[in-house]
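Trainee: Could we go through this model together, one topic at a time? I shall ask short questions.

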Amino acid sequence: MLLREVAYASPSSLAEALELLAADDGARALAGGQTLINVMKARAGSPDTLVDLNGLDGLKGIELGADGTLEIGAMTTYTEIMASSEARARPILGEVCAQIADVQVRNRGTIGGNVCTNDPTNHLPPLLAALNAQFTIAGASGERTVSSDDFFLGVYLTAVGTGELLTKVTIPAGRNDGFAAVTLGVEGTCIVSAAASLNGSVRIALGCVDAVPVVLTPPSDDADAVKQAVRDATMEPPSDVHASSEYRRHLAEVLAVRAVDQARGGA
Amino acid sequence: MNVSGERTFAAPRDAVWKVLNDPASMAKTMPGVESFDVHDDLRWTANVKIPLGLGGLKMKVDMEKVEERAPEHAALNIKGKGVGAMMSMKTSFDLSEADGAGTLMKWAADVKIAGPVGSMGQRVIQPIVNQQVSHVLAALEREVQNAVAG
Amino acid sequence: MSATTERSITVTINGTTYEREVEARKLLIHFVRDDLDLTGSHIGCDTGNCGACSLIVDGTLVKSCMMLAVQADGATIESVEGLADGDELNKLQAAFREHHALQCGYCTPGMLMSATALLRANPHPSDDEIKKSLQGNICRCTGYWNIFEAVKAASE
Amino acid sequence: MTSSTTITPEQVIEAQETWKGQNVPRKEDRRLVQGQGVFVDDVKRHGMGYLHFVRSPYAHAHITSIDVSAAEQHPGVYGTLTGEEVAALTDPFFQIASVPGANVKDYALAVGKVRYVGEAIVAVVAETREAARDASELVEIEYEPLDAITDARHAQDDGVPTIHEDAGGNLMWHGVYEWGDLDAAFAEADKVVKIDELHFHRFNSTPLECDGALVEFNRGMGQWTITTNNQFPGFAVIMMGPAMKVGLDKLRFVTQDIGGGFGNKITSHPQLVACCLLARKLNRPIQWTEWRTDFHLSMSHGNERWFHETEVAVNNDGTLLGFRTKALDDAGAYLRYEPLGGVIWAQVTPGMYKWKNIRVDFTQVATNKAPVSPNRGYSRMQHLWFTERIIDIVAHELELDPVEIRKRNYVRVEDMPYTTPNGCVYDSGDYAQMLDIALGLVDYQNVAKRRSEAESRGKLLGVGIGSTLDSGTNNFGQSRMINPELQFSGNNEVATVKLDIFGEIVVTLGTTPQGQGHETTAAQVVADILKCSVDDVFVRAGHDSYWNSHAGFSGTYASQFAVTGLSAVKGATEMLREEIFKLAGAVFGGVPAEALELADGGIRIKESPEAFLPFMACGAIINANNAGLPEDLGVTLNCRYVYRPPFDVPDVEKKYGNLTLTYATQIHAAVIEIDPETGHYDIVDYAAVDDCGKRINPQIVEGQVMGATAQALGAATHEQFVYDEDGNLLTPNFYDYHVPHALDMPPLQTGFVETPSPFTPLGTKGMGEGGGAGIHAVCSAVQDALRNHGGALVYDSCNPYHRVWEMLNDPSTGARVEVTR
């Protein structure tokens, strides 16, 4: 419960935030804090400086483009996504956000924090990977956009580099999505998750089987093709107290099929 | 946790051996090395800050070479002590002439992590260890190439 | 603005305004309990799971163990101490008592804040909505059933 | 006789003949719903120092050096305490065990060696919580790691490391219990069912509040005041006093509200000693609050138990003749309350069944894991799970109906009171009736139809039963079966009831309630006797060994308040009533007691009710206006009564005697549906039927039933303390140790039967622990669901999804069973 000493800044502009992050190698962005503060309590990680993004209104909000593209500010909370009429353009977003942790966490936790943490148990990395989202990263030298394939680099590691910030997540138009997870109890810690999107092609992403979401693009959405694609992925999922590697591999198959089924049902 | 693998370097065995047994070269392969002290041929100490995304994990790492048969085999005991974690690792590598050309390295490590970081769950630790291992191997590759080129 | 390890903050809790110097690292729950002596809100875990520290901050239900005190600068906060009108229990508190929705009472303040937030947003929740809204609050004594009954009763 | 879960407020209070039996809303709640409870971490003192323990990252290691100098230099640090100092200042804690466990040396901090991850090694005290924790990182400790033992099954293998050298090995206690004639039973039996191995897993009830204390030292008096949430001060003090070499009256225990205990807060005495030593050393109050991860790492896990080479003698018709087994109990790194778990199970030796021939070869070993402590259902839960497993496995193997085999073997209502093979006396109960009620509540008659309906949805439906006993009011004489040298027997609890000067009725208890509503139920008992309202009765909250009543076994543990606590309250109140009669008789000028009656908060002459002496007047006369009262009146209006249950010392040789006074019973039934693709399952119907004799406050009783059920369901599905082979705890907090939350709760129906205990003054039985009925019922239901899908037999008390999936895919991962003859 007792954090190591840390400096705190609450910038009011993106430029200021980027400056603070660039100034200190040990600085970390504080979004909703629903993971980071817990890691700091355990003193398993101890940034020197926290740059609080909660004052950056420019990073909040959801916009629906004329072509159906959704742009979600990195500091938008799960609760805001669930309540957003714009976000309903891609209903799976609200559905999955509603399964994240609990009311209190959803009130503070943000889409940006979720993907930048990239804890294997998080739901949004596989979901956004399946939806083929684009991630806009701002830095001293301007903005760049990376695809989900390039965004997730490892546990707690993403393409967001030192001195940079994720500013928004862009999700292309589409409707035929699905998500399935096996968790500890109802909506508890994730054991394995799978997200699927059938908008034109079949795109599946598996969560909690590797350091980053495992993306599959089977040639068709029939169950056998999906299962085969999971088998072909030659994953070596981690074993832990909740699941053996073998069980995770099996769940990946089952859940991928279920996510695809849900996506197909949405057609 | 046991991790192991094989890697082939496009370099002669002596060159690879030299890199693996040169503390200065090894220092360059380790993640987040901030300082490095060589005590003698067999014992080194490094201060590292392993980049973990949510804040680096600072550790003092003591390495001791416990077995050596140039140019084919070495084993090291590595002990890391940080505030968030205790790490102990026994690692060994065996070098042989690769079938085609170059050098085949077979390596294995038994990694134990305790402390608050250890309690973060194997599904987190295991990928992190794999990540760090792949960084080390990539860096090693670079060092070997530099050595050959140099 | 530069980063500092300490700040002066102002918060209004249950109508009283407090101004204090606080270390940046201090969690809001520690600030409320230790610095302001409002010990009604509790700590039951160290991973943000239990919800015993739940507070309503600027109208939003949060777990105050996953928020820094400095982040609450300028905020209006509601805690369990502000629910009753003097010694008069409010409807929800009275329902908890009538329905035996508490045993040791340690989780109760957080549970009441979650239920308060629910009923404010949704005065007549369904059974499923009640369960979903209390998911972030762990109770080890009651098995929750009587808590559901109490919230239901308070919503009628 | 059943009642629904709905408690209607209209039912409450007013115009009842008696307060007992009513759903009186709890007195405790008014403060608790306003955040006005006083829990240990709420208490502050001027100048107090915050304590932080430096804990071992190793499961087993020699400590080669400790350097606290840097920590002591840290700003705000008041001082430190090391194991070396502890060993110089205190004796090792008294051990309950006979040899070899008796030789274990256990101190407040690790001395020379650490034996589990999380063991406290150094205590650092500082001006703020943060400074204490910061400084603790500066303590330099050098270790020489040793191999760890985490699997009790290998603790006695050749060549394994010894955890306690003083004990000469990892065996802590061994004893053989045998009753009846095993050879004859097995010779006579139609069938012998052999079960290779069963495992009861490690978990605990995880009270939401962790441990803590605020300890003050009064230097002039050489006395400590320990404000703490320890739930059994009577035990803590006999551990602490001798270790600290001080008389027990030097250790005053104070508690108001406790945030749950469930047995897990009995064994905090090592930490309390560390606080005491530091309060004296640093001359300031010491505040210690344990956080969740510390609690999981270091305290109070429930006993993990293995059952090996079990053999069951049974006839073809399902009549159970007897069983034998080898129980192997994992105590963790220190014994603390152990090895009492080695005998406590014997309170329920035959479970609810009439088998006569039983042999249990019981071994307890040490491992490099956190020490165990009592945990709701302590030691009986493990044994009852085992007997229920036997029943369901035998039913499966012999193709008998699980309901019929239970009914055939249950102790019957006409057998009550029933003496078990080991001399325990089951006081009352109608198990078969309870089972029928439970089955009715889960719609058992339609189960075949529901099973095929579920299958049509791709789900496997299973029904399970858990029949258990909640033995309450210990005869501490049973400890002599563990160690014949021990001088404990019987039990006691105390209450004081007084009339204060302005007529307030004040009750003090010896208990340390953690949510059981003692203030309320005690007031109900008092109000009936004094013919007043519960609102007129003030029951002091919590415990104070200086100023409240206090007896040797005082505390709140082991399902006993409704018997020991309330019997003491009854006794004290009746004494007070008699004194009021005596006083009033004298005041009225020699009116005999028969001519008087209590009414309306006072006493009056029956024939002339206008002659009325309010309690206020009684209190005032005795306390402040007593000139002229008869010299021999003998009235103080301050009555202390100690209730002592009727027990004999058990026969230690034969391990025979009555070990507990009452036997509340629970029969639970669960209906589950398994998703065979993932092993995930939902509990779709659940019934809990309880009989705890006379219920003083049915709503409180039902609350206990519900709470015990929820804990059991959590334990059955997810909650487990799992260690890796190096002794790291893999489930050290609520992220991986999943306790049920609101969405996890299945629909619940409760039912009740009331068979008053013939052995207790109020007909009550101790209750609250529930015997883990939910664990048994879920295991039983999982096995039932798998019956036609591979037929795996449930082997473990915890069955998370992955285990169910494994059993479905490979039935040999279940229990290995063989039937002979």
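Trainee: How many residue pairs are in polar contact across the interface of chain D and chain C?
Mentor: The rule finds 24 such pairs, both residues being at pLDDT 80 or more. A polar contact is a pair of N or O atoms within 3.5 Å; within protein, one must be able to donate a hydrogen and the other to accept it, and residues adjacent in sequence count only if both atoms are side-chain atoms.

Trainee: Which helices of chain D supply residues to that side?
Mentor: α1 (29-32), α4 (129-136), α8 (292-298) and α18 (698-717) of chain D each supply at least two residues of the side that touches chain C. The largest share, nine residues, comes from α18(D). Helices (H or I, at least four residues) and strands (E, at least two) are DSSP runs, numbered from the N terminus.

Trainee: And what kinds of residue are on that side?
Mentor: The side of chain D that touches chain C divides into 23 nonpolar, 18 polar and 12 charged residues. Here Ala, Val, Leu, Ile, Met, Phe, Trp, Tyr, Cys and Pro count as nonpolar, Asp, Glu, Lys and Arg as charged, and the others, Gly among them, as polar.

Trainee: Before we go on, what should I know about the model itself?
Mentor: This is a predicted model, in which local features need pLDDT of at least 70 and side-chain atom pairs count only at pLDDT 80 or more, while totals for chains, interfaces and linings use all residues. Residues are numbered from 1 along each chain as its sequence is written, chains are lettered from A and ligands numbered from 1 in the order in which they are written, and side-chain values use heavy atoms, with hydrogens and water left out.

Trainee: How many salt bridges cross between chain D and chain C?
Mentor: The rule finds six of them. A salt bridge is a side-chain nitrogen of Lys or Arg within 4 Å of a carboxyl oxygen of Asp or Glu. One of them joins C:Arg33 to D:Asp41, with the closest N and O atoms 2.6 Å apart.

Trainee: How much area is buried between these two chains?
Mentor: About 4,700 Å², of which carbon and sulfur atoms give 56%. Buried area is the accessible area (1.4 Å probe) that two parts lose on being put together, summed over both. In chain D, the residues that lose the most area to chain C are D:Val33, D:Gln34 and D:Leu208, together 15% of what that side buries.

Trainee: Which chains share the most contacts?
Mentor: Chains C and D do, of the five pairs of chains in contact. Contact means heavy atoms within 4.5 Å. By that rule, 53 residues of chain D meet 52 residues of chain C. Chain B and chain C do not touch, and their nearest C-alpha atoms are 11 Å apart.

Trainee: What about chain D and chain B?
Mentor: That contact takes 13 residues from chain D and 10 residues from chain B. The two chains bury about 930 Å² between them, 49% of it on carbon and sulfur atoms. D:Pro57, D:Asp726 and D:Asp736 supply 34% of the area that chain D buries there, more than any other three residues.

Trainee: Which salt bridge does B:Lys81 form?
Mentor: B:Lys81 pairs with D:Glu142, the closest N and O atoms being 3.9 Å apart. Across this interface the rule finds three salt bridges.

Trainee: New topic: how is the sheet β23-β24-β25 of chain D arranged?
Mentor: It is an open sheet of three strands in that order, with antiparallel pairing. Two strands pair if DSSP finds at least two bridges between them.

Trainee: Why is one side of β23 and of β25 in chain D left without a neighbour?
Mentor: β23 (596-599) and β25 (612-614) of chain D stand at the edges and each has a single partner strand, so one side of each has no neighbour in the sheet.

Trainee: Where do β23 and β24 of chain D meet?
Mentor: β23(D) and β24 (residues 602-605) of chain D pair over four bridges. In β24(D), D:Arg604 is the bridge partner of D:Glu597.

Trainee: What about cis peptide bonds?
Mentor: The bond from D:Val99 to D:Pro100 is cis, with omega near 10°. D:Pro100 is in the loop between α3 (83-89) and β4 (113-114) of chain D. Another cis bond joins D:Met416 and D:Pro417, with omega about -10°.
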